[in-house]
Every structure is written in structure tokens, then in C-alpha cells.
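Please find below a colleague's note on the structure shown here, set out as numbered points.

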Amino acid sequence: MQTGNEPLLSVTDLTVSFDGFRAVNDLSFSVREGELRVIIGPNGAGKTTVLDLICGRTRATSGSIRFKGTELTRLKEHEIVRAGVGRKFQNPSIYEDLTVFENLEISYPKGRGIMGSLLFRRDTAVVERVNEVAHTIFLDDQLDRRAEDLSHGQKQWLELGMLLIQDPALLMLDEPVAGMTVSERVKTAALLKDIIRTRSVIVIEHDMGFVEEIAHQVTVLHQGRILSEGSMEYVKNDPRVIEVYLGH
Ligand code: ADP
Ligand code: MG
């Protein structure tokens with residue numbers, strides 16, 4: 001069971017090998033409640049694989065992932081979602097033919113599956129929650145628009161909203177501001193600061209200005225291992241980080 005001191009997420013000695021190649025190699029780190037952790041590092045460092053392991057898309061070769069006192073390495077992907085872990089991929093997976101409202105509504109935990117939720121009565125709790133999330137993701141004046149007509153940045157926010165409506169305790173985002181305009185990036189930073197008031201977030205990102213703006217702690221991965229970890233100020237002045245990543 002979770003104690004007051006136990007982090008929300010504890011990754012311990014986590015390893016995955018693909019045909020003998022260790023993409024993640026004996027990795028240990030933890031994330032506290034209310035923490036916004038950013039993972040940076042060169043391409044191929046193993047960043048996306050770490051998220052794949054936590055959300056159960058990839059099976060660990062060895063090691064442990066504890067979340068709220070539960071061992072995740074033994075659970076299936078949907079069980080990990082139900083335990084409170086949300087994952088956003090690099091390309092938004094939204095329903096292009098549906099409106100913003102409908103996309104959020106079908107993601108509401110009570111009515112899973114398109115048919116089930118479109119037929120189920122729109123009770124006030126659902127409508128209220130959809131409106132609340134739409135406001136958080138800057139789409140409250142876009143509820144009746146078809147998702148395909150949104151800008152790239154708005155689609156990214158919509159997918160974030162589809163995760164938020166499930167109220168995960170841990171949200172993991174892979175390069176959330178890639179392809180966004182400068183003003184969309186600024187708004188996304190504000191959005192992340194808003195949502196960590198009630199949850200923890202892990203973000204993989206390359207945009208160092210954005211990382212500097214949002215990160216509590218930064219973990220620098222290199223060849224499946226932690227190269228450096230600490231505040232942005234600390235890691236950006238770490239000679240090892242400059243050599244393998246920031247210097248390029
Ligand atoms: P990053 O996100 O840091 O750029 P990845 O986690 O995507 O890096 O990949 C880390 C390494 O693991 C890469 O060399 C990649 O080719 C390899 N890799 C990732 N997933 C698989 C897989 N399913 N099978 C084989 N190799 C993989
Ligand atoms: Mg990646």
C-alpha cells in the first residue's frame with residue numbers, strides 16, 4: 001500500500017532488451033505526486049521506450065514499475081489505464097469525424113466505446129465535465145467543430161483533453177509541443193502547470209525553452225541509462241549533458 005513517503009511512481013532497475021540490445025538499461029527513477037518531470041536526451045536514448053514500458057505497451061525484461069503501490073509490469077495495457085496512467089503518443093489519436101464535444105464525451109470513463117457512449121444519455125455530470133475539460137484545453141468555443149477542422153495544435157490539446165477527462169493520476173506526454181506554433185507552446189506550458197495541481201506528469205521534449213519553462217526535475221537519458229538528473233539549471237550545466245546532447 002502507498003505510504004505518505006512513497007513516490008507516486010517508482011521505476012527500479014528497469015531493463016528491456018530487444019534481441020540483446022538494451023534500449024533501457026537498469027534504469028531507476030521516481031516521480032512524486034504533483035511533480036512535472038521532463039525526460040530529455042538524444043534520439044534513440046530510450047525515452048519513448050520508457051513510456052512504452054510504464055503504459056504496458058512493451059514488456060520489461062526485468063525490473064519493477066510501482067505506481068500507487070501496484071506493480072505495473074504484471075498488468076495489461078487497459079489495466080494500467082484503469083489504475084490511473086494516461087499516455088499521449090506523438091501523433092494525436094482523435095476521431096476526426098466527430099466534434100470536439102463528442103471526442104471528449106466518448107472518452108468519459110462511464111461510456112466506453114463509440115456506440116455505447118453516443119447512445120448513452122448526456123447527463124449533466126458528463127456535460128459539465130466535458131465543458132470543464134474543454135475550457136482547460138482552450139477549446140470551449142470549439143465544441144461543435146469537427147475535429148478534422150482543428151489546427152494541429154488544437155488537435156494535440158483535444159487528445160490531451162481526452163486523457164484528462166479520465167482523470168489519470170499520472171499523465172505521460174511524448175513531445176507534446178512538436179509542430180506547435182510559439183503561441184500554442186506558451187499556452188501548452190500554462191496548461192501543463194494547471195493540470196499538475198491535481199496529478200503528476202512525465203513529458204518527453206526536445207524544445208529546451210519549453211523544458212526550462214515547465215520542468216521541476218529533468219532526467220537526461222543516454223543509451224538507456226540516466227546520464228544526469230536534477231533541476232534544469234543543474235543538468236544544462238552538466239558537462240556530460242553538454243557533450244552528448246545540448247552541445248549539438
Ligand atoms: P527515443 O525516444 O529516446 O528517441 P526510443 O525509445 O524510441 O528512443 O528507442 C531507443 C532504442 O530502442 C532505439 O535504438 C530504437 O531503435 C530501439 N527500439 C525501440 N523500440 C524497439 C522495438 N520494439 N524493437 C526493437 N528496437 C526498438
Ligand atoms: Mg522518442
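In which sense do β6 and strand β7 pair, and over how many bridges? The points below begin with that pair; the model is a predicted one.

1. Pairing of β6 and β7. Strand β7 comprises residues 170-174, and β6 joins it in the parallel sense over four bridges. Within this pairing, Gly 86 has Leu 171 of β7 as its bridge partner. Strands of a sheet pair through backbone hydrogen bonds, and either a parallel or an antiparallel arrangement is possible.

2. The sheet as a whole. The pair belongs to an open sheet of six strands, arranged in the order β6-β7-β8-β3-β9-β10, with mixed pairing. Because β6 (85-88) and β10 (225-230) each have a single partner strand, they stand at the edges, and one side of each is left without a neighbour in the sheet. On average, neighbouring strands of this sheet are turned by 15° against each other, direction ignored.

3. Helices on the sheet. Helix α6, residues 152-164, lies across β6 and β7 and runs at about 165° to β6. Helix α10, residues 239-246, also packs on the sheet, where it touches β3 (36-40), β9 (217-222) and β10. The direction of α10 makes about 125° with that of β10.

4. Two residues with positive phi. Most residues other than glycine have a negative phi. Asp 19 has a positive phi, near 50°, and is found in the loop between β1 (9-18) and β2 (21-31). Glu 175, likewise not a glycine, has a positive phi of about 50°; its place is in the loop between β7 and α7 (182-195). Is each of these residues buried or exposed? Asp 19 is exposed, with a relative accessible area of 86%. Glu 175 has a relative accessibility of 16% and therefore counts as buried, the cut-off being under 20%.

5. Surroundings of ligand 1. The residues around ligand 1 include Phe 18, Phe 21, Ala 23, Pro 42 and Asn 43, as well as Lys 47, Thr 48 and Thr 49. Both β2 and α1 (47-54) supply at least two residues of this shell. The most comes from α1, which gives three residues.

6. Polar contacts of ligand 1. An N or O atom in the side chain of Lys 47 is 2.7 Å from an oxygen atom of ligand 1. For Thr 48, a polar side-chain atom lies 2.9 Å from an oxygen atom of the ligand. Ala 45 takes part through a polar backbone atom, at 3.1 Å from an oxygen atom of ligand 1. On its own, ligand 1 has 560 Å² of accessible area, of which the protein covers 57%.

Conventions: Residues numbered from 1 in each chain as written. Chains lettered and ligands numbered in written order. Predicted model: local features only at pLDDT ≥ 70, side-chain atom pairs only at ≥ 80, totals over all residues. Heavy atoms only, no water. Pairing = 2+ DSSP bridges. Axes fitted to C-alpha atoms, helices over the stretch in contact; angles between N-to-C directions. Contact = heavy atoms within 4.5 Å. Buried < 20%, exposed > 50% of the residue type's maximum accessible area, 1.4 Å probe, protein only. Near = heavy atom within 4 Å. Polar contact = N/O pair within 3.5 Å; in protein donor to acceptor, adjacent residues only side chain to side chain. Areas by Shrake-Rupley, 256 points an atom, 1.4 Å probe, with all protein chains shown as cover.
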